[in-house]
Amino acid sequence: MEVKEPQPAYRKDSYTIEEYLEMEDAATEKHEYYRGEIFAMSGAKLKHNMITMNTLHLLLDRLKGQSCRPFGSDFRVHIPKNTLFTYPDISVFCGDIETRNDDEMNALNPTVIFEILSPSTKNYDRGEKFRLYRDIPSLKEYILIGSESVAVESFYINEQSHWELREYNSISDNLQIGALQMSLPLKDIYEGISF
C-alpha cells in the first residue's frame, strides 16, 4: 500500500484518534493516522500486488496448523507509544492477537511485518516507518521486499536486542525468517515477475 505524502487526507489541522477511527470506519479508502494527521493511501501496482500475494500465499502454506497467522493489508496495526495506525502489506501474529480496547480492528502485537517497496514509499518504509515500527514490543523482524529488482532487506533483533540487517539480492537466495523458523525462496516470492 502506498501512502500519499505529505498531503493530509482531510482539511482539519488535527484529529483525535477517536475522530480518525470514526472516519476510517465509514471510509471507502484506507488512511494512516499519525499524531493527529490523517494520510490517504493509494492502491498498489501490479508487481507490488504480485509480490504481496506470492509472499502471503507462501506464509499461509508454511504456517498452516501453527500458532502464527499472516494477514494482508486490510488488517490495521496500531502502535500506542507513537500513535501510528497503519496497514502493513503483510503482518504475522504469533499466539493471541491483542487489539486496542478488544475492538478486533486495531492489532497491537505483530511478530513480523513485511512491506513491499514502491518507488514512492521506499524511503519512508526504510526510514521513518521503520523507526515507528520499532516501538512495537512484540516485533522481531521487519522485512522489506523490493518491487523494482530482486532485493530483500531483513531487519531482525539479535541476541543483544539490537536490530541487524541481512540482505538478499539473488533469485537463488532463501529469505531466513528466524522468528517464524522458516525460509522462503526468493524465486517463489518473485514468481511470475520479470525485471
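**View 1. Surroundings of N106 in strand β8 of the predicted model.** N106 belongs to strand β8, which spans residues 106-107. Its relative accessible area is 1%, under the 20% that marks a residue as buried. The side chain of N106 makes a polar contact of 2.4 Å with the side chain of R76. Apart from neighbours within four places in sequence, the residues in contact with N106 are L21, R76, H78, F85, E98, T99 and R100. R76 therefore appears both in the polar contact and in the list of contacts of N106.

**View 2. Buried and exposed residues of helix α1.** Helix α1 comprises residues 17-26, and within this helix I17, Y20, L21 and E24 are buried. These four residues lie on the same side of α1, because the arc that they cover around the axis is only 95°. E22 and A26, on the other side of α1, are exposed. The packing partners of the buried residues of α1 are five strands: β2 (31-34), β3 (37-42), β5 (76-79), β6 (84-86) and β8. L21, one of the buried residues of α1, is also in contact with N106.

**View 3. The open six-stranded sheet.** The sheet consists of six strands in the order β4-β7-β9-β10-β11-β12, and its pairing is mixed. The edge positions are held by β4 (68-71) and β12 (163-168); each has a single partner strand, so one side of each remains without a neighbour in the sheet. From one strand to the next, the twist averages 15°. Strands of a sheet pair through backbone hydrogen bonds, in either the parallel or the antiparallel sense.

**View 4. Parallel pairing of β9 and β10.** Strand β9 covers residues 112-117 and strand β10 covers residues 141-146. Six bridges connect these two strands, and the sense of the pairing is parallel. Within this pair, I116 stands opposite I145 of β10.

**View 5. The hairpin of β11 and β12.** Strand β11 (residues 152-157) pairs with β12 in the antiparallel sense, again over six bridges. E153 stands opposite E167, a residue of β12. Five residues lie between the two strands of this hairpin. In the turn, S161 has a positive phi of about 65°. Strand β12 of the hairpin is also one of the edge strands of the sheet.

Note on methods
Residues are numbered from 1 along each chain as its sequence is written. This is a predicted model: local features need pLDDT of at least 70, side-chain atom pairs count only at pLDDT 80 or more; totals for chains, interfaces and linings use all residues. Side-chain values use heavy atoms; hydrogens and water are left out. Two strands pair if DSSP finds at least two bridges between them. Axes are lines fitted to C-alpha atoms, for helices over the stretch in contact, and angles run from 0 to 180 degrees between N-to-C directions. Buried means under 20% relative accessible area, exposed over 50%, partly exposed in between (1.4 Å probe, protein chains only). A polar contact is a pair of N or O atoms within 3.5 Å; within protein, one must be able to donate a hydrogen and the other to accept it, and residues adjacent in sequence count only if both atoms are side-chain atoms. Contact means heavy atoms within 4.5 Å. The arc is that of the directions from the helix axis to the C-beta atoms.
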